[in-house]
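Could you open the model in your viewer and keep the selection panel at hand? We will walk through it stop by stop, with a word on what to select each time.

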Amino acid sequence: MRNKFISKWKVWSMLFALLVTLTCISGCKEEVSDSPSEPHDPSKPVEVTDFLPKSGGVGQRLVIYGSNFGNDKSLVRVTVGGNKAIVIGVNSESIYCVVPEKAYNGDIKVYIGSEENSKLAQATEVFDYQRKKVVSTLVGYKNERDDQGWTSGSFEEVAGFAQPCLMSFDPLNRDHLYISYDNGLGLYLVNFSDSTVVQHLSPSAVGSGGNRFRGIQFTPDGEYIVVGHSNPGENVVSNTILSRANNFKDPQILTQSRGNQGVAIHPVNGELYFCEFQTGTLRRYDLMNSQPVGGTLGPKDYEDLYKIQDVSWEFWLSIHPTGDYAYIIVRNQHYILRTDYNWETQRFMVPYLVCGEPRSAGYQDGVGASARLNLPYQGVFVKNPEYEGDEDEYDFYFTEQQNHDIRLLLPDGRVETFAGRGSTGLNANNWGYVDGDLRLEARFNEPSGLAYNEEEGAFYVVDVMNRRL
């Protein structure tokens, strides 16, 4: 069951006290009466006279005022916008509850009594439901024994998501989200048009000669997918390419090297960048001038650009949508570099630190080296309308496996926490499985893959230890 690790009575008691305090502080309503609460009288009507606040989103704490509510919470049901709200506490004149999701029309209805024989009261005003970002489960589950395994199929039956991964939306079909899995699971497709999750290609079908997929990226025209492979040994497959013309099921070898830990394609000039685990080398391959011809693509030459300071560690690039710069996420050493793009030479230049402290894991929001990260994983750039006209109009969001959150890196180098690590007033753990408000409630457990659908304004997260998307 969701949130079962939380002591519910502790949560409800704390929220009840908090709501009473906030209501009194607000001055918008008289103080809650100290007189004893009376039981519901079935011979009298139930009335709703007011509610506070007047607006909010899912997870908003709501106080409903009226009469004859009684003092038995088990006899009280509240719906907002036709959806059932969680009732926290009740006395004869007040009900404390939580606004449910998708309460779009805002009608507030109170039912007192048994399901078969209840009295109904409705607020004359409508709650102004405001859509806001919250964490909710889309698909996947984890049973008590965690032996549900992997099952493809409809959203109702899918099990899996139990390994680190990287994700990418099809830029020409936003109903398709591709997932490249580590540790022998292959390439998966989340199809929103028919609500299914299926294995698109097995590791052997992708032609890697190994089983570790460490990158997935579409070309700028959307016609090809490049998949990165982390294979040991010299001159082994490090990148394969798949074409839309053949439903992305025709892998061909693109490059051979070893230990590839990431794939990035320049959004304007189209060069492919990838890196080597063993030597910490960033490599460049002229993909635009080496498009597959007649299915005869084979190993191609690539150029070594430079080495970062850490070798034998995982790192990968996320290139800014303008192509002006890229972030290098050095996962195992807990920091992020920035590398600026030279438009004359069409190459990324030697990087410099933008946030975190090398080899110093921790959790701290801050600017530059004062921030602390812990196993950052995949990142995405998201346009911020508030920056319109600025030199840089994008924020950078990234997952962190061991901080169990999604962080936000602003253009000025500040790191903030965007989602996860819900209020310690609810639970002392910074990890877990809790849906809800991004910062007050939500918890992840080792999130890895991150993708953003601009049309929806929605992030998609693979929550590895919770086995869910």
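A salt bridge here is a side-chain nitrogen of Lys or Arg within 4 Å of a carboxyl oxygen of Asp or Glu. This is a predicted model, in which local features need pLDDT of at least 70 and side-chain atom pairs count only at pLDDT 80 or more, while totals for chains, interfaces and linings use all residues. Residues are numbered from 1 along each chain as its sequence is written, and side-chain values use heavy atoms, with hydrogens and water left out.

**Stop 1: the whole chain**

Begin with a cartoon view. The protein has 37 strands and 2 helices; both are DSSP runs numbered from the N terminus, helices being H or I with at least four residues and strands E with at least two. Of its 469 residues, 55% count as buried. Buried means under 20% relative accessible area, exposed over 50%, and partly exposed in between (1.4 Å probe, protein chains only).

Switch to a surface next. About 20700 Å² is exposed, and carbon and sulfur atoms supply 47% of that area; accessible areas come from the Shrake-Rupley method with a 1.4 Å probe, and for residues only the protein chains shown count as cover. Among contacts (heavy atoms within 4.5 Å) with a separation of 6 or more, 50% join residues 24 or more positions apart.

**Stop 2: three salt bridges**

The structure holds 21 salt bridges. Select Asp365 and Arg407 to see one of them, with the closest N and O atoms 2.9 Å apart. Asp365 sits in the loop between β29 (352-356) and β30 (366-367) and Arg407 in strand β33 (residues 405-409), so this pair ties together parts 42 residues apart in sequence. Asp365 is partly exposed at 30% relative accessibility, whereas Arg407 is buried at 0%.

Now select Asp170 and Arg244, whose side chains meet in a salt bridge (2.5 Å, N to O). Asp170 belongs to strand β13 (residues 165-170) and Arg244 to the loop between β19 (236-243) and β20 (252-257), so the pair ties together parts 74 residues apart in sequence. Asp170 is buried, at 1% relative accessibility, while Arg244 is partly exposed at 24%.

Go on to Arg214 and Glu314, a salt bridge with its closest N and O atoms 3.3 Å apart. Arg214 is in strand β17 (residues 213-218) and Glu314 is in the loop between β24 (303-307) and β25 (315-319), so you are looking at a link between distant parts of the chain, 100 residues apart. Both Arg214 and Glu314 are buried. Add Asp182, Arg212 and Arg331 to the selection: with Arg214 and Glu314, they are linked in a network of salt bridges.

**Stop 3: a buried isoleucine**

Where is Ile95 found? Select strand β7 (residues 94-98) and you have it. At 0% relative accessibility, Ile95 counts as buried. Leaving aside neighbours within four places in sequence, the contacts of Ile95 include Leu62, Val63, Ile64, Phe69, Val87 and Val110. Try a distance from Ile95 to Phe69: they are 26 residues apart in sequence and 7.6 Å apart in space, C-alpha to C-alpha.

**Stop 4: out to a loop**

Is Glu455 buried or exposed? Glu455 is exposed, with a relative accessible area of 68%, and its place is in the loop between β36 (447-453) and β37 (458-463).
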